[in-house]
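The following exercises are to be worked through with the sequence and the model at hand. Each task is followed by a solution in steps.

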Amino acid sequence: MSLSIIESCVNCYACEPLCPSDAIFKGEEIFLIDAKKCTECDGDFADPQCASICPIEGAILDAAGEAINAPGSLTGIPPLKLAEAMAEIQAR
Ligand code: SF4
Ligand code: SF4
């Protein structure tokens, strides 16, 4: 039972001090979660604290590999709309 951080982490340091289990650490490229220490905040908080503070959609995955902050969940921009806007900008 552990969350994981993927390569889209921007090393903002926000999550590390919030972890009640001292499970988050700075890896060579990005922050990482020690699967042996992560409790998913069970018993400490109602929500995983790392995912609650993380500003990057999709950077933290649940135990099933699903993004906790899914695309559009933080920005409020529907993923399709964002993809269209990005394509338009790149075409300029
Ligand atoms: S889910 Fe909770 S225990 Fe696990 S890494 Fe995130 S803050 Fe730490
Ligand atoms: S809060 Fe998110 S982006 Fe910031 S260090 Fe943690 S996982 Fe990386």
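**Exercise 1: The surroundings of the two ligands**

Task: Identify the residues around ligand 2 and sort them by class.

Solution. Step 1: Ligand 2 is surrounded by I5, C9, V10, N11, C12, Y13, A14, C15, F31, C54, P55 and I56, where a residue is near a molecule if one of its heavy atoms lies within 4 Å of it. Step 2: The classes are fixed by definition: Ala, Val, Leu, Ile, Met, Phe, Trp, Tyr, Cys and Pro count as nonpolar, Asp, Glu, Lys and Arg as charged, and the others, Gly among them, as polar. Step 3: The shell of ligand 2 accordingly contains 11 nonpolar residues, one polar residue and no charged residue.

The model is predicted: local features need pLDDT of at least 70, side-chain atom pairs count only at pLDDT 80 or more, and totals for chains, interfaces and linings use all residues. Residues are numbered from 1 along each chain as its sequence is written, chains are lettered from A and ligands numbered from 1 in the order in which they are written, and side-chain values use heavy atoms, with hydrogens and water left out.

Task: How many residues surround ligand 1, and which are the closest?

Solution. Step 1: The shell of ligand 1 has 13 residues. Step 2: C19, C38, E40, C41 and C50 are the closest. Step 3: By class, nine residues around ligand 1 are nonpolar, three are polar and one is charged.

**Exercise 2: The chain as a whole**

Task: State the order of the helices and strands in the protein chain.

Solution. Step 1: Helices (H or I, at least four residues) and strands (E, at least two) are DSSP runs, numbered from the N terminus. Step 2: The protein chain has two helices and four strands. Step 3: Read from the N terminus, the order is β-β-β-α-β-α. Step 4: The C-alpha trace spans about 45 × 30 × 20 Å along its principal axes.

Task: What percentage of the 92 residues is buried?

Solution. Step 1: Buried means under 20% relative accessible area, exposed over 50%, and partly exposed in between (1.4 Å probe, protein chains only). Step 2: By this rule, 27% of the 92 residues are buried.

**Exercise 3: Two residues with positive phi**

Task: Where do D22 and E40 lie, and how accessible are they?

Solution. Step 1: Most residues other than glycine have a negative phi. Step 2: D22, which is not a glycine, has a positive phi of about 55 degrees, and E40 has a positive phi near 60 degrees. Step 3: D22 belongs to the loop between β1 (4-5) and β2 (24-26), while E40 belongs to the loop between β3 (31-33) and α1 (49-53). Step 4: D22 is exposed because its relative accessibility is 57%; E40, at 24%, is partly exposed.

**Exercise 4: Buried or exposed?**

Task: Classify S2, G58 and P71 as buried or exposed, and list their contacts.

Solution. Step 1: S2, in the segment before β1, has a relative accessibility of 14% and is therefore buried. Step 2: Contact means heavy atoms within 4.5 Å; leaving aside neighbours within four places in sequence, S2 is in contact with I33, A35, C38, E40, D62 and A63. Step 3: G58, in the loop between α1 and β4, also counts as buried, at 14%. Step 4: Not counting residues up to four places away in sequence, G58 touches I6, S8, A67 and N69. Step 5: P71 lies in the loop between β4 (60-61) and α2 (79-90) and is exposed, because its relative accessibility is 53%. Step 6: Beyond its neighbours within four places in sequence, P71 is in contact with E57 and P79.

**Exercise 5: A charged pair**

Task: Which residue forms a salt bridge with R92?

Solution. Step 1: Side chains of opposite charge can pair when their charged atoms come close. Step 2: A salt bridge is a side-chain nitrogen of Lys or Arg within 4 Å of a carboxyl oxygen of Asp or Glu. Step 3: R92 pairs with E88, and their closest N and O atoms are 3.3 Å apart. Step 4: The structure holds one salt bridge. Step 5: R92 is exposed, because its relative accessibility is 75%.
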